[in-house]
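Trainee: Could you walk me through the enclosed spaces in this one? I'd like a close look at the cavities and what lines them.

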Amino acid sequence: MAFRGKKLISNPNDVVTDFIEGLVETYPALQYLDGLPEVKVVLRADVSSSTHDKVAVISGGGSGHEPAQAGFVGEGMLTAAICGDVFASPPVNSILAGIRAVTGTMGCLLIVTNYTGDRLNFGLAAEQAKSEGYKVEMVIVGDDCALPPSRGIAGRRGLAGTILVHKVAGAAAASGLSLADVAAEAKHASEMVGTMGVALSVCTLPGQVTSDRLGPGKMELGLGVHGEPGAAVADLQPVDNIVSHILRQILSTETNYVPITRGNRVVLMINGLGATSAMELMIAAGKAVPQLQLEHGLNVVRVYTGSFMTSLDMAGFSISIMKADQGILERLDAATKAPYWPVVVDGPRPPAKIPVPIPPSHLAKSDEVSRVFK
């Protein structure tokens with residue numbers, strides 16, 4: 001029996017506007033353009049086009065993937081995020097407004113996920129901005145490893161690996177590099193990352209009926225972040241098996257989604273899709289690291305676990321693996337004030353476990369026994 005999904009909202013038509021208002025109230029370093037509800041742009045409060053002396057890094061897309069992309073606006077990451085309606089590409093005029101608001105003499109880089117609507121609208125906005133005298137470059141991210149490039153009009157979809165590209169590009173821009181160099185680093189990062197996910201349920205749009213497409217005991221491998229059909233529906237498996245399948249798919253030498261081979265250093269991202277508990281995500285991370293190390297011969301140098309690019313209330317998670325050369329690691333470790341970028345330990349990883357302390361009374365007895373046998 002179909003039923004309307006339960007949501008903590010006032011009006012289904014206002015959810016994006018209400019989200020933006022709550023976000024900037026929570027994080028004073030962010031603000032939005034006074035054009036709601038038509039123009040939905042979140043930007044750094046300390047940046048304006050007249051004074052910004054670094055490359056502006058702008059991304060965006062349909063809403064419903066929070067914290068992406070607006071939650072990653074901040075010094076050292078995105079300069080602005082353009083929000084569309086739920087699962088709908090932002091209109092050209094909103095993208096143009098964002099470009100005009102934050103782009104100074106150094107120009108701006110648009111980081112765009114590989115969906116037809118986003119590519120079209122951001123591309124049109126970029127051309128219009130260039131005609132107005134702005135310097136604009138665009139990098140398309142398609143990190144999906146569930147479907148081959150021949151499937152679908154746009155090819156490989158942009159998924160959670162995009163967040164890692166944001167971080168690399170934002171740090172490069174913050175260091176003062178030129179637009180061409182920032183774009184080159186972003187493009188390089190986009191070619192080093194692959195992502196695949198598994199869903200235990202499909203998402204429910206605000207005000208809409210909950211879908212029962214995935215029945216009890218079923219999971220869908222490679223489901224799109226907008227609920228698009230994935231590669232296969234299968235019986236639910238233990239998380240060890242799920243993680244193993246995803247890692248093999250991303251790292252397959254037959255498809256060569258990412259240029260990762262044994263002995264490489266990699267970054268791992270475990271991304272919740274919206275309704276997956278922190279406990280489950282940490283379990284997935286704990287299973288993925290030793291598999292990458294022992295079965296695939298990789299050196300896992302950073303692990304990011306949390307919800308970075310969601311799909312409303314979808315249950316499930318995705319795994320992103322990025323080949324980590326020294327330049328990428330330095331960008332990932334660089335400081336940022338983006339509110340949803342995780343705080344992690346940079347540099348060499350300490351041991352994952354240490355011995356349980358021995359009670360002092362046991363130590364005393366051990367010393368006594370040692371003296372007796374001397």
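Mentor: Sure, let's start with the largest cavity: 16 residues line it, and Leu159, Gly197, Leu223, Val225 and Ser318 are the ones nearest its centre. A cavity here is a set of points, on a 1 Å grid over the protein atoms alone, where a 1.4 Å probe fits but cannot get out, and a lining residue has an atom within 4 Å of a point. Keep in mind that this is a predicted model, where local features need pLDDT of at least 70 and side-chain atom pairs count only at pLDDT 80 or more, while totals for chains, interfaces and linings use all residues. Residues are numbered from 1 along each chain as its sequence is written, and side-chain values use heavy atoms, with hydrogens and water left out.

The space in that largest cavity comes to about 90 Å³, a volume being the space filled by probe spheres set on the grid points, which are joined across faces, edges and corners. Strand S7 (residues 193–199) contributes the most to its lining, four residues; strands are DSSP runs of E, at least two residues, numbered from the N terminus. By class, the lining has nine nonpolar, five polar and two charged residues (Ala, Val, Leu, Ile, Met, Phe, Trp, Tyr, Cys and Pro count as nonpolar, Asp, Glu, Lys and Arg as charged, and the others, Gly among them, as polar).

The structure holds two cavities of 30 Å³ or more, and the second largest has a volume of about 50 Å³. Its lining includes Gly60, Gly61, Gly62, Glu66 and Cys83. Strands S3 (56–63) and S4 (80–86) are the elements that each give two or more residues to this lining, with S3 supplying the largest share, four residues.

Methods. 1 Å grid on protein atoms, 1.4 Å probe; cavity = no way out; pocket = protein on both sides within 12 Å on 5 of 7 lines; lining within 4 Å.
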